[in-house]
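The following exercises concern a predicted model. Each task is followed by a solution that proceeds step by step.

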Amino acid sequence: LRMASESDMSDSDAILNGVSEVENAAWQLTPNPASNQVTVNWSGMASAWVIYDQQGREVRRLTLNTGMTSLDVSDLATGQYLMGPVNGNKQRLSIVH
């Protein structure tokens, strides 16, 4: 049995490991419900995130880095949204104005 070294990893292995890391990373969204601003506390690597409206339409795409990020959501209409990493679990975001 031999251990694989980093040089043995293919590009597809690296991509799969990156997707797995995004899928398993923990995050919090506060406050929820929100009106003007939400803060995302993200433990994963920098990655693309999306916000979907109730009809499943993408209303925003952004890149979040590790740590806490404040997002202006004042332009989103009152309602329910799904938010999360493109390749990860989504959480419900409630917007009330």
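**Exercise 1.** Determine in which sense β2 and β5 pair, and over how many bridges.

*Solution.* The two strands, β2 and β5, run antiparallel and are joined over six bridges. Within this pairing, Val40 has Thr69 of β5 as its bridge partner.

**Exercise 2.** Establish the strand order of the open sheet and identify which strands stand at its edges.

*Solution.* The sheet consists of three strands in the order β1-β2-β5, with antiparallel pairing. Because β1 and β5 (67-72) each have a single partner strand, one side of each is left without a neighbour in the sheet; these two are the edge strands. On average, neighbouring strands are turned by 20° against each other, direction being ignored.

**Exercise 3.** Decide whether Thr39 is buried or exposed, and list its contacts beyond four places in sequence.

*Solution.* Thr39 belongs to strand β2. Its relative accessibility is 19%; the cut-off for a buried residue is under 20%, so Thr39 counts as buried. Setting aside neighbours within four places, Thr39 contacts Gln28, Leu29, Thr30, Met68, Thr69 and Ser70.

**Exercise 4.** Which residues have the most contacts inside the largest nonpolar core, and which element gives the largest share of this core?

*Solution.* The largest nonpolar core comprises 18 residues, and Val40, Trp49 and Met83 have the most contacts inside it. Elements giving two or more residues to this core include β1 (27-30), β2 (37-42) and β3 (47-52). The largest share, three residues, comes from β2. Among the residues that Val40 touches, beyond four places in sequence, are Trp49, Leu64, Leu71 and Met83.

Conventions. Residues numbered from 1 in each chain as written. Predicted model: local features only at pLDDT ≥ 70, side-chain atom pairs only at ≥ 80, totals over all residues. Heavy atoms only, no water. Core = buried A, V, L, I, M, F, W, Y, C linked by side-chain atoms within 4.5 Å. Buried < 20%, exposed > 50% of the residue type's maximum accessible area, 1.4 Å probe, protein only. Helix = DSSP H or I, 4+ residues; strand = E, 2+ residues; numbered from the N terminus. Contact = heavy atoms within 4.5 Å. Pairing = 2+ DSSP bridges. Axes fitted to C-alpha atoms, helices over the stretch in contact; angles between N-to-C directions.
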